[in-house]
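Student: I should like to go through this structure and ask what justifies the terms applied to it. May we begin with the aromatic rings?

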Amino acid sequence: MLNLERLRTLDALARHGSVSGAADGLHVTTSAVSQQMAKLEREVGQQLLAKNGRGVRLTDAGRLLADHAAKILSQVEVAQSDIEAQRGQVVGEVRLAAFPTAARGLFPAALTSLRADHPELRLRTTELEPESGIRAVLRGDADLAVVLDWSNKRLPVPGGLAKAELLDDAPDIAMPAGHPLAGRTEVDIEDFADDDWVSWPEGEFCYDWLMFTLRSKGIEPRIAHLAGEHHTQLALIAAGFGVCVAPRLGRGPVPDGVSLVPVRQPMRRHVHAVWRADADRRPSIRAAVQALRAAGRSLHAPVS
């Protein structure tokens, strides 16, 4: 009889590609992963792992069993969803991921609501950029991720995931208070063709969006500074080192010396939740989506 937890360990090894990655994903130690795999090898009577430099790789038998493990675990997820749905109770554990401004802007209110309405539900959260959040849900490392895309650049959602819109987030352009456009009631993003930009780090979805948006208007961006935290970006703006796009979700206090002007064209960040379709009937997932939507409504206009 194959042990489900050992199959879960093998599945994590196949998805993460290393013992340390599997340990991080399962929130256990590397020695616990090694022990589980040694027991699984004894159960099946075949070698599942082989040394590969300083790491390990799956043998042919390991890959074969890992493929079956993924299917078995998916079916277990469906069974758990069906049992929870029949019982109709919001219990168990939900692991939530969100990009940083959504974690700051939505999680406090949503988690407070969930704790008050469903005291038997255990909640765990982490910050992940949108693409990393989607990968975490696909790997089974998160149950639900709050992700984003833009009105002119959508984030692909792979098959096997369900999606719910949470809110639309309207951005402003942040500039030093002494900027020539600081007194405007509205601006276009191309008005800043000659300005230095403070941007998100390279490789992040919003960095790619900024480059795509400016280049689509015939502007080669002058990216002078990179900062992952919006507070850091705004501090650089206050010191006179450029301009930046400043979404409103999770923005927090704006430093003195910064002027915020809305963008004239309908430029929006679309914020939504994604989760595995085979978990769609779990009451805990539905409760989490409802709480996130309510948190969004308290801050912004809901999605139309």
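Tutor: We may. This is a predicted model, and the structure holds 3 aromatic pairs.

Student: Why is the pair of Phe192 and Trp197 called edge-to-face?

Tutor: The ring centres of Phe192 and Trp197 are 6.4 Å apart, with 75° between the planes. Rings pair if their centres lie within 6.5 Å, and planes over 60 degrees apart count as edge-to-face, so both conditions are met. Phe192 and Trp197 are both buried.

Student: What makes the pair of Trp200 and Trp209 edge-to-face?

Tutor: The planes of Trp200 and Trp209 stand at 75° and the centres are 6.5 Å apart, so this pair is edge-to-face. The cut-off is stated as within 6.5 Å. Trp200 and Trp209 are both buried as well, a term that requires under 20% relative accessible area. Ring pairs also link Trp200 and Trp209 with Trp150 in a cluster.

Student: How do you know that Lys153 lies over the face of Phe212?

Tutor: Lys153 is placed at 5.3 Å from the ring centre of Phe212. The limit is 6 Å from the ring centre, together with an angle within 35 degrees of the ring normal, so the distance satisfies its part of the definition. Lys153 is listed as lying over the face of Phe212.

Student: What makes β4 and β6 the edge strands of their sheet?

Tutor: The sheet is open and has 5 strands, in the order β4-β3-β5-β12-β6, with mixed pairing. β4 (121–127) and β6 (161–169) each pair on one side only, and they are the edge strands. From one strand to the next, the twist averages 25°.

Student: How do you know that β3 and β4 are paired?

Tutor: Strand β3 (residues 92–98) is joined to β4 by 7 bridges, and the two run parallel. Pairing requires at least two bridges, so β3 and β4 qualify. One of the bridge partnerships is between Val94 and Leu123 of β4.

Student: How confident is the prediction, and where is confidence lowest?

Tutor: The mean pLDDT of the protein chain is 89, and 96% of its residues reach 70 or more. Confidence is lowest in helix α4 (residues 60–87), at a mean of 78, and highest in strand β8 (residues 196–199), at 97. Where pLDDT is low, the predicted coordinates should not be read in detail.

Student: Which domains make up the protein chain?

Tutor: The division is into domain 1 (2–83), domain 2 (90–166 + 268–297) and domain 3 (170–260). Between the C-alpha centres of domain 1 and domain 3 there are 45 Å.

Methods. Residues are numbered from 1 along each chain as its sequence is written. This is a predicted model: local features need pLDDT of at least 70, side-chain atom pairs count only at pLDDT 80 or more; totals for chains, interfaces and linings use all residues. Side-chain values use heavy atoms; hydrogens and water are left out. Domain bounds come from an automatic or database domain assignment. pLDDT is the predictor's confidence in each residue, from 0 to 100. Helices (H or I, at least four residues) and strands (E, at least two) are DSSP runs, numbered from the N terminus. Rings of Phe, Tyr and Trp (its six-membered ring) pair if their centres lie within 6.5 Å; planes under 30 degrees apart count as stacked, over 60 as edge-to-face and the rest as tilted. Buried means under 20% relative accessible area, exposed over 50%, partly exposed in between (1.4 Å probe, protein chains only). Axes are lines fitted to C-alpha atoms, for helices over the stretch in contact, and angles run from 0 to 180 degrees between N-to-C directions.
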